[in-house]
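Notebook open, viewer running. I'll jot down what I look up as I go, starting with charged pairs and then working outward.

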Amino acid sequence: MIVSSKITSKYQTTVPKAVRERLGLSHGDELKWEFEDGFVRVYLASTELSSLMGSIQVADDAPDPVEAVRLARELRGREGA
């Protein structure tokens with residue numbers, strides 16, 4: 001698959017929809033850029049577990065932490081990620 005995007009006057013670009021869907025990208029995700037032999041590889045940066053601390057608030061009476069994570073993913077629009 002080959003897709004393209006233009007660079008703006010501020011050196012910004014939009015990640016094409018096909019790429020976002022294939023990588024499961026969402027706003028706020030971090031991309032890494034790797035240069036090798038004249039090519040550029042762009043990939044989703046892995047998230048450090050410690051950076052997620054406090055990102056999911058669970059009520060004291062939450063029945064199941066797994067369900068709370070599923071709900072948080074659903075609310076973020078990344079069900080199944």
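**Entry 1: a charged pair.** I started with arginine 70 and glutamate 67, whose side chains form a salt bridge at 2.6 Å, N to O. Worth remembering that I'm reading a predicted model here. Why are these two about one helical turn apart? Because they sit three residues apart in helix 2. The general rule fits: an α-helix has 3.6 residues a turn, so residues three or four places apart point the same way. I checked exposure too. Arginine 70 is partly exposed, since its relative accessible area is 30%, and glutamate 67 is partly exposed as well, at 35%.

**Entry 2: the other partner.** Arginine 70 also makes a salt bridge with glutamate 74, this one 2.5 Å from N to O. Both residues are in helix 2, four residues apart, again about one turn of the helix. The shared partners tie Glu67, Arg70 and Glu74 into one network of salt bridges. Glutamate 74 comes out at 42% relative accessibility, so I'm noting it as partly exposed.

**Entry 3: the helix itself.** I looked up the geometry of helix 2 next. It covers residues 65–76 and has 12 residues. From first C-alpha to last it reaches 17 Å, close to the 16 Å expected at 1.5 Å a residue. What follows helix 2? Glycine 77 does, with a positive phi near 85°.

**Entry 4: arginine 76.** How many salt bridges does the whole structure hold? A search finds five. One of them joins arginine 76 to aspartate 29, with the closest N and O atoms 3.0 Å apart. This pair links distant parts of the chain: arginine 76 is in helix 2, whereas aspartate 29 is in the loop between helix 1 (17–23) and strand 1, 47 residues apart. The two side chains also show up in my polar contact list, at 3.0 Å. Leaving out residues up to four places away in sequence, arginine 76 touches Ser26, His27 and Asp29. For histidine 27 I also pulled the C-alpha separation from arginine 76: 9.4 Å, for residues 49 apart along the chain.

Buried or exposed, or somewhere in between? Arginine 76 has 40% relative accessibility, so I've put it down as partly exposed. Aspartate 29 is at 23%, which also makes it partly exposed; the buried cut-off is under 20%.

**Entry 5: the nonpolar side.** Enough charges; I went looking for greasy surface. Which residues make the nonpolar surface patch? Trp33, Phe35, Val40 and Val42 do, over about 440 Å². Strand 1 (31–36) and strand 2 (39–44) each supply at least two of the patch residues. I picked phenylalanine 35, in strand 1, for a closer look. It counts as exposed because its relative accessibility is 64%.

**Entry 6: whole chain.** Zooming out, I get two helices and two strands, running α-β-β-α from the N terminus on. Of the 81 residues in the chain, buried ones make up 6%. The accessible surface comes to about 7600 Å², and carbon and sulfur atoms account for 54% of it. Last lookup was contact range: among contacts between residues at least 6 apart in sequence, 12% join residues at least 24 apart.

Terms used. Residues are numbered from 1 along each chain as its sequence is written. This is a predicted model: local features need pLDDT of at least 70, side-chain atom pairs count only at pLDDT 80 or more; totals for chains, interfaces and linings use all residues. Side-chain values use heavy atoms; hydrogens and water are left out. Patches are made of residues with over 30% relative accessible area and no salt bridge: like charges are joined within 9 Å, nonpolar side chains (Val, Leu, Ile, Met, Phe, Trp, Tyr) within 5 Å. Accessible areas come from the Shrake-Rupley method with a 1.4 Å probe; for residues, only the protein chains shown count as cover. A salt bridge is a side-chain nitrogen of Lys or Arg within 4 Å of a carboxyl oxygen of Asp or Glu. Buried means under 20% relative accessible area, exposed over 50%, partly exposed in between (1.4 Å probe, protein chains only). Contact means heavy atoms within 4.5 Å. A polar contact is a pair of N or O atoms within 3.5 Å; within protein, one must be able to donate a hydrogen and the other to accept it, and residues adjacent in sequence count only if both atoms are side-chain atoms. The expected span of a helix is 1.5 Å times one less than its number of residues.
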